[in-house]
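I opened this entry to keep track of what I looked up in the model. The notes go from the whole chain to the sheets and then to the interior.

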Amino acid sequence: MSLITPHLWFDTQAIEAARFYCSVMPDARITHRSVLRATPSGDCDIVSFELAGLPFKAISAGPYFTFNPSVSFLLNFDPQRDARARDRLDTLWSALADGGEALMPLDAYPFRPRYGWIRDRYGLSWQLNLCAPSGQPPPPILPLLMFTGEHCGKAEEAGIFYRGLFEGSQAGQTVRYPAGMAPDREGTLMYSDFRLGDTWIGAMDSAHDHGFGFNEAVSFLVACRDQAGIDRYWSQLSTVPQAEQCGWCKDRYGLSWQITPMLLDEVMRSSDEQRIARVTRAFLKMKKFDVAALEAAARG
């Protein structure tokens, strides 16, 4: 599995949304479903799926968090790799527009030959981009972080911080705001991307008065082999003690992470309901995960 996996929090629609996305997105499939029982939110559906080859996880756990455009997902349609790229982009836009809302209409822009930003029927945001000819093919899909409010201007700093934390990282492209684009400050990031492990992530600044920022509706799950890995990532990413719960933490930029052992995914994919229940009871009591305690619960 990828080291970093986007995780989506729904009220009740995780399974429905995953089915919808897999029906309209390229290279998409549901890979696993299960239920977490007796949580503070009741019984929660969880689902794993892939979109354009990128693994996702989602949970139905109540109306506590709402998607907003501070985290969107950018899909790149590359005519150099697919002669039908434009048609596929338009078809996906139509599917997402059914019950959704265009944030930037699908059109030609100075920075792209065809591009649009849309919020779908579940509130999740997508950016669809027809790539201009270039030497390096872009990632088919990547999460895009928009740094707003008090964190505006910190997208470049965040990218450097994340690349220093995750092994196998790589800087990608950087596009800066020119002069004359107030309220965005010259030199801050109009767009950037970078690879953390197997996962490409984009980042940008926006100084407009959006009224939203990062929240737990979209988090990033980091799968660790052992306690040492959990301790390392937790010590660097957890900066908001009141946000710590069940492996969740929040970093210095307000972005939410889940630092989990690979054991947890293995247990949840098993068909042993009693084993799943024991491990669930154990981790509901934790903030940072204790791998030895979870292993003991798994063994019973």
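My notes on the chain, its two sheets and its cavity follow.

**Whole chain**

I am working from a predicted model. I counted secondary structure first and found 7 helices and 15 strands in the protein chain. I then looked up the extent of the C-alpha trace, which spans about 60 × 35 × 35 Å along its principal axes. Next I checked the radius of gyration: the protein chain has 19 Å, and this agrees with a compact globule of 300 residues, because such a globule would have a value near 19 Å.

**Sheet with β1**

I traced an open sheet of 7 strands with mixed pairing, and wrote down the order as β2-β3-β4-β1-β13-β15-β14. At its edges I found β2 (29-39) and β14 (248-250), each of which pairs on one side only. Neighbouring strands here are turned by 30° against each other on average, direction ignored.

I then asked which helix packs on this sheet and which strands the helix touches. The helix is α4 (residues 227-237), and I noted its contacts with β13, β14 and β15 (256-261). The direction of α4 makes about 165° with that of β15.

I also looked at how β1 (residues 4-10) meets β13 (residues 218-224): the two strands run antiparallel and are joined by 5 bridges. Within this pair, Leu8 stands opposite Val218 in β13.

**Sheet with β5**

I traced another open sheet, made of 8 strands in the order β6-β7-β8-β5-β9-β12-β11-β10, again with mixed pairing. Why is one side of β6 and of β10 left without a neighbour in the sheet? I found β6 (101-109) and β10 (170-176) at the edges, where each has a single partner strand, so one side of each stays unpaired in the sheet. I recorded a twist that averages 20° from one strand to the next.

Inside this sheet I picked out β5 (residues 71-77) and β8 (residues 125-130), which pair in the parallel sense over 6 bridges. Leu74 stands opposite Gln127 in β8.

**Cavity**

Rolling a probe the size of a water molecule over the atoms shows where empty space is left. I searched for enclosed space and found 1 cavity of 30 Å³ or more. The largest cavity has a volume of about 40 Å³.

I listed its lining as Thr66, Phe67, Asn68, Ser70, Val71, Asn215, Ala217 and Val218. I sorted this lining by class and got 4 nonpolar, 4 polar and no charged residues. Val218, one of the lining residues, is also the residue that Leu8 stands opposite in β13.

Technical notes: Residues numbered from 1 in each chain as written. Predicted model: local features only at pLDDT ≥ 70, side-chain atom pairs only at ≥ 80, totals over all residues. Heavy atoms only, no water. Pairing = 2+ DSSP bridges. Helix = DSSP H or I, 4+ residues; strand = E, 2+ residues; numbered from the N terminus. Axes fitted to C-alpha atoms, helices over the stretch in contact; angles between N-to-C directions. Contact = heavy atoms within 4.5 Å. 1 Å grid on protein atoms, 1.4 Å probe; cavity = no way out; pocket = protein on both sides within 12 Å on 5 of 7 lines; lining within 4 Å. Points joined across faces, edges and corners; volume = space filled by probe spheres on them. Nonpolar A, V, L, I, M, F, W, Y, C, P; charged D, E, K, R; others polar. Rg over C-alpha atoms; globule rule 2.2 N^0.38 Å.
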